[in-house]
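Student: I should like to study this structure step by step. Could we begin with the terms and then turn to its parts?

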Amino acid sequence: MSSIPTSSDLLYFIERGSGQPLLLVHGLMVTGDMFEPVIEHFATRHRVIVPDLSGHGQSRGLPPPYNATQQAADLSRLLDHLGIKSTAVLGYSHGGTIAQQLVLDYPNRCNHLILTCTYAFNLATFREKLEGHLVPFFIRVLGMKRFAKFVISQGLQQLDKEHADWILGLIADQDRDLMLSAWKETMAFDSRQRLAQIKCPTLIMAASKDEAVPLHHAKMLHEGIMGSQLVIVAGANHALIWSHTDEFIQIVDKFLAT
């Protein structure tokens, strides 16, 4: 296992297992630790790479901008460092936007793309536009810990107390000002006009009860990426990787085996 970058401008990462590479890209306001429940399984058959995106966790020392273009460039540079020319890429929530940007800007880098609970454009409805403007206000007023409690109460209700406390800790530990900067860049992301450029095998995984990223986003991705597969996990919400872990693993394994 490796977890020590050799350059001050390189993303922090952990590496486990061997085999075909699999890059796991975490969501906004958490870290690569979010994949802890699935890393060991995937490492039995893959060389698993799990970075902390710039501004997050142990990569918080890397400066802005935190837009998708820069984040994708950071990931490409990390793959260069690791000697990986092409990898399967799984992006979860906001991590899915970075995964899209990676395959769009560096198409040869990605041989399989998995987009989970994510979107091409996160301001598609009036409600989403309103939430997009309100979140920075809530972060400033509440601080990261109380904001984390609010997020869990609104979008991750399926988690048991142990998992909820764990996610709360991941969010609460982030730097408020850096997360405000990252949120602003997230709201600016829009890949709708470029989805047809994604040519690698693509799986879109969505949760039927996801209120954070509703189903219309998965359908937009599926319609825009030719030949993509759409799998909807019944009864799950935005926390499906933790609440429906076995099903999540089975879906990913099946896709990567094809």
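Tutor: The model is predicted. The expected span of a helix is 1.5 Å times one less than its number of residues.

Student: What length does helix H3 reach from its first C-alpha to its last?

Tutor: Helix H3 covers residues 94-105, which makes twelve residues. At 1.5 Å a residue, 16 Å is expected. The helix comes close to this, reaching 17 Å.

Student: How many residues of H3 are buried?

Tutor: Buried means under 20% relative accessible area. Among the residues of H3 that meet this limit are His-94, Ile-98 and Leu-102. What covers the buried residues includes helix H2 (68-82), helix H6 (176-188) and strand E4 (87-92). H3 is largely enclosed by the rest of the structure because the buried residues number eleven of the twelve.

Student: At about what angle does H3 run to E4?

Tutor: H3 lies across three strands, namely E2, E4 and E5. Its direction relative to E4 is about 145°.

Student: Which strands stand at the edges of the sheet?

Tutor: Seven strands form an open sheet with mixed pairing, in the order E1-E3-E2-E4-E5-E6-E7. Each edge strand has a single partner strand, so one side of it is left without a neighbour in the sheet. The edge strands are E1 (13-16) and E7 (229-233).

Student: Which residue in E7 stands opposite Met-205?

Tutor: Strand E6 comprises residues 202-207 and runs parallel to E7, joined to that strand by five bridges. Opposite Met-205, the residue in E7 is Val-231.

Key: Residues are numbered from 1 along each chain as its sequence is written. This is a predicted model: local features need pLDDT of at least 70, side-chain atom pairs count only at pLDDT 80 or more; totals for chains, interfaces and linings use all residues. Side-chain values use heavy atoms; hydrogens and water are left out. Helices (H or I, at least four residues) and strands (E, at least two) are DSSP runs, numbered from the N terminus. Buried means under 20% relative accessible area, exposed over 50%, partly exposed in between (1.4 Å probe, protein chains only). Contact means heavy atoms within 4.5 Å. Two strands pair if DSSP finds at least two bridges between them. Axes are lines fitted to C-alpha atoms, for helices over the stretch in contact, and angles run from 0 to 180 degrees between N-to-C directions.
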